[in-house]
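Biologist: Could you take one part of this model and walk me through it closely? I would like to follow the strands of the open sheet, what packs on them, and what lies around them.

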Amino acid sequence: MTRKKLCIVMVGLPAAGKSTMAAKLEHCLAEECVSVRLFNNGDVRREMLGDSDTSQALFYSPDNKEAVSQREHIALINLERARNFLGDKGEVAILDATNVSAKRRRKIKEFFPGCPAFFVECRNDDPELLEASIERKALLPEFAHLTPAQAVESFKERIRYYQSISQPVTDEENFVVIDTLNNRILDERVQAVLPHYKLVRDLLVSDWVRGLYLVRHGETAFNLEMRIGGDSDLTRKGIKQAQALARHFSDVDLPYVFTSNKIRSIRTAKVICEGRADCRRRPLSEFDEIDAGMCESMTYDEIARTMPKVHAARTRDKYNTIYPGGEGYVTLKERVERGVKKALYLSGNARNVMIVGHQAVNRMILSHFLYRRTEDVPYIYIPQDRFFHIVSTPSRKLFELVKFPC
């Protein structure tokens, strides 16, 4: 094999984000005209054994000798396929499996003599995200014969079996350890000249958005009264706006729609997703509107009359001024960016993702993707009869404001 060949080896416990990251690497490398292919052990397992045979956690026990033999055979088949691909015209093979044991990683290196192996260990240490990832995994066809609770427990037991044999990658010649939620490298060592390394490393730390639709909730009673915050419901016009959005997106695949915990956001998303079996709605507290503290439910005129110092401070520096007992744009930034990362993580490689947010929240989301001076962020235009469409991949950047017929 020539030095142009590369074997990217995913490493990590189940539900750590390996497959999402592997698919992202495959997609982006292919867009750069690299001959790349993903080799997933789970696909081979389901091909050979079906779904129900491997849904039980005991199949993954290191003490289950028969199952260990089967899993080793599955891994061998996948390695053979990857080797054949690289032995032909393939340039990059991505091995998607747990690969948590040093023994398995040695086997992989022996299997590809002359071809450098780059180990990418994925970690998900966020308890909430891990739970949500497990719940998503429990919806796979292989768990269809189990109740949701049984499927979740089975998957957690599977993770515990892998934890019992897990060994860190720090002894490898070429590795990177990445926090898959924050796209942040925790540790790395690269001692060889790896083909496509600069591109791969950049992909690992970049947000990847194939299609994000950023929507503001429909009109509310508080909008009409010019009141801030609160938890008011949609007006008739607000419901019609949501219905118009539903019609506009009727032919668009929307597997994930994220909302805040506020009624107006949830109600808008419910109308959009009504009658769609493929649409999963999930509220995230990170997308709750800015907390106005003592100013909640007040009008701007009331704030100017009764709290002139707050009004004057926001007039001078709206971004850095914090509502008494509440938040400001400057403190909102961290939680909203965390919400964006959670939404992108939980949606995996979905082509389309929607966030139904609020005025201040959507301003912060837009500033995450589109450079704006901080002092200008609180004035970004966030209408209720338009939505933003955002694409951000290494080969394509798109940012558009789209009007929909109400």
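**The open sheet and its surroundings**

Modeller: In strand S6, Val190 is the bridge partner of Asn174. This is a predicted model, and the pairing just named belongs to strand S5 (residues 174-179) and S6, which run antiparallel to each other over six bridges. These two strands stand at one end of the order S2-S3-S1-S4-S5-S6, which describes an open sheet of six strands with mixed pairing. Strand S2 (36-40) and strand S6 (184-190) are the edge strands, and because each has a single partner strand, one side of each is left without a neighbour in the sheet. On average, and ignoring direction, neighbouring strands of this sheet are turned by 15° against each other.

Two helices pack on this sheet. Helix H1 (residues 18-31) touches strand S1 (6-11), S2, strand S3 (92-96), strand S4 (117-123) and S5, and the direction of H1 makes about 160° with that of S2. Helix H2 (residues 41-49) touches S2 and S3, and the direction of H2 makes about 55° with that of S2.

Both helices also take part in the largest pocket, since H1 and H2 are among the elements that give two or more residues to its lining, together with helix H3 (65-87), helix H4 (102-111), H5 and helix H6 (148-165). The space in this pocket comes to about 1,300 Å³, and of the 49 residues that line the pocket, Lys18, Gly42, Arg45, Ala97 and Thr98 lie nearest its centre.

A residue far along the chain can be placed beside this region as well. Gly348, which lies in the loop between H13 and S10, is 324 residues from Lys24 in sequence, yet the two are 9.2 Å apart in space, C-alpha to C-alpha. Leaving aside residues up to four places away in sequence, Gly348 touches Thr20 and Arg136. With a relative accessibility of 18%, Gly348 counts as buried, because the limit for that class is under 20%.

Finally, there is the nonpolar interior. The largest nonpolar core holds 41 residues, of which Phe258, Phe287, Cys295, Ile303 and Ile365 touch the most other members. Among the elements that give two or more residues to this core are helix H5 (127-137), helix H13 (329-346) and strand S10 (353-357), and H13 gives the most, with eight residues. Apart from this core lies another, of 24 residues, including Leu25, Val34, Val92 and Val176.

Conventions:
Residues are numbered from 1 along each chain as its sequence is written. This is a predicted model: local features need pLDDT of at least 70, side-chain atom pairs count only at pLDDT 80 or more; totals for chains, interfaces and linings use all residues. Side-chain values use heavy atoms; hydrogens and water are left out. A nonpolar core is a set of buried Ala, Val, Leu, Ile, Met, Phe, Trp, Tyr and Cys residues joined through side-chain atoms within 4.5 Å. Buried means under 20% relative accessible area, exposed over 50%, partly exposed in between (1.4 Å probe, protein chains only). Helices (H or I, at least four residues) and strands (E, at least two) are DSSP runs, numbered from the N terminus. Two strands pair if DSSP finds at least two bridges between them. Axes are lines fitted to C-alpha atoms, for helices over the stretch in contact, and angles run from 0 to 180 degrees between N-to-C directions. Contact means heavy atoms within 4.5 Å. On a 1 Å grid over the protein atoms alone, a cavity is a set of points where a 1.4 Å probe fits but cannot get out, and a pocket is an open set with protein on both sides within 12 Å along at least five of seven lines; lining residues have an atom within 4 Å of a point. Grid points are joined across faces, edges and corners, and a volume is the space filled by probe spheres set on the points.
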